[in-house]
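Please open the model in your viewer and set the display to cartoon with side chains available on demand. The tour proceeds by selections, each followed by an account of what is found there.

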Amino acid sequence: KSLHQHLLAWDAKQQHPELGDAELCDVAGLEVSLPYDPKEISALKAEGSAWRDMNRVNRRAKALAVQRHLRIARQYIDNVVTGRFPLRTGR
């Protein structure tokens with residue numbers, strides 16, 4: 001499952017290099033555990049309450065997930081060239 005997530009992130013980055021990491025997370029359809037429920041943020045936004053910090057934290061979680069997946073995918077790709085798959089050195 002995680003290998004598939006790495007591939008989804010990699011493919012999304014190749015197809016949409018202009019997008020930021022948080023947007024790539026949505027495009028790739030990655031499974032990310034967000035600190036705040038998006039529905040809660042939408043409700044707060046509709047009320048006019050403070051929601052920007054919560055949204056920023058969620059975007060940061062998405063960006064970090066994409067960066068991790070891309071870093072691991074790069075390791076797999078680099079090691080495939082040398083005939084070593086599945087091998088990676090870390091997160």
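Leu3 is a suitable first selection, and it is found in helix 1. The model is a predicted one. With a relative accessible area of 43%, Leu3 is partly exposed. Add Val80 and Phe85 to the selection: together with Leu3 they form a nonpolar patch on the surface, with about 280 Å² of accessible area in total.

**Helix 1**

Next, select residues 2-15, which make up helix 1. At 1.5 Å a residue, its 14 residues should span 20 Å, and the end C-alpha atoms are indeed 20 Å apart, which agrees. Within helix 1, colour Gln5, His6, Ala9, Trp10 and Ala12, which are buried. Look down the axis of helix 1: the buried residues fall within an arc of 165 degrees, so they line one face of the helix. The general geometry is helpful here: an α-helix has 3.6 residues a turn, so residues three or four places apart point the same way. To see what this face meets, display helix 2 (21-28) and helix 4 (52-81), against which the buried residues of helix 1 pack.

Three of these positions may now be examined individually.

- Select Gln5, which lies in helix 1. Its relative accessible area is 8%, and Gln5 is therefore buried, the limit being under 20%. Leaving aside neighbours within four places in sequence, Gln5 is in contact with Leu30, Glu31 and His69.
- Move to His6, also in helix 1. His6 is buried, with a relative accessible area of 4%. Not counting residues up to four places away in sequence, His6 touches His69, Ile72, Ala73, Tyr76 and Arg88.
- Select Ala12, again in helix 1. Ala12 is buried at a relative accessible area of 4%. Apart from neighbours within four places in sequence, Ala12 has contacts with Leu24, Val27 and Ala28.

**From His6 to Tyr76**

Which helix holds Tyr76, one of the residues touched by His6? Tyr76 lies in helix 4. At 14% relative accessibility, Tyr76 counts as buried. A distance label between the C-alpha atoms of Tyr76 and Thr89 should read 9.1 Å, although the two residues are 13 apart along the chain.

**Helix 2**

Return to Ala12 and draw a C-alpha distance to Gly29: the separation is 9.3 Å for two residues 17 apart along the chain. Gly29 comes just after helix 2 and takes a positive phi of about 75 degrees.

Now select helix 2 itself, where Ala22, Leu24, Cys25 and Ala28 are buried. Viewed down the axis of helix 2, these buried residues fall within an arc of 160 degrees, so they line one face of the helix. The buried residues of helix 2 pack against helix 1 and helix 4.

**Salt bridges**

The final selections concern charged residues. Side chains of opposite charge can pair when their charged atoms come close. How many salt bridges does a search of the whole structure find? The search finds five, and the stops below visit some of them.

Begin with Lys1 and Glu31, which form a salt bridge with the closest N and O atoms 2.9 Å apart. This pair links distant parts of the chain: Lys1 is in the segment before helix 1, and Glu31 is in the loop between helix 2 and helix 3 (38-47), 30 residues apart. Both Lys1 and Glu31 are exposed. Glu31 has already appeared on this tour as one of the contacts of Gln5.

Proceed to Arg59 and Glu23, a salt bridge whose closest N and O atoms are 3.0 Å apart. Here the link runs between distant parts of the chain, from Arg59 in helix 4 to Glu23 in helix 2, 36 residues apart. Arg59 counts as partly exposed at 38% relative accessibility, and Glu23 counts as partly exposed at 29%.

Finally, select Asp26 and Lys62, whose salt bridge has its closest N and O atoms 2.8 Å apart. Asp26 is in helix 2 and Lys62 in helix 4, so distant parts of the chain are linked across 36 residues. Is Lys62 buried or exposed? Lys62 is buried, with a relative accessible area of 17%.

How values were computed
Residues are numbered from 1 along each chain as its sequence is written. This is a predicted model: local features need pLDDT of at least 70, side-chain atom pairs count only at pLDDT 80 or more; totals for chains, interfaces and linings use all residues. Side-chain values use heavy atoms; hydrogens and water are left out. Helices (H or I, at least four residues) and strands (E, at least two) are DSSP runs, numbered from the N terminus. The expected span of a helix is 1.5 Å times one less than its number of residues. Buried means under 20% relative accessible area, exposed over 50%, partly exposed in between (1.4 Å probe, protein chains only). The arc is that of the directions from the helix axis to the C-beta atoms. Contact means heavy atoms within 4.5 Å. Patches are made of residues with over 30% relative accessible area and no salt bridge: like charges are joined within 9 Å, nonpolar side chains (Val, Leu, Ile, Met, Phe, Trp, Tyr) within 5 Å. Accessible areas come from the Shrake-Rupley method with a 1.4 Å probe; for residues, only the protein chains shown count as cover. A salt bridge is a side-chain nitrogen of Lys or Arg within 4 Å of a carboxyl oxygen of Asp or Glu.
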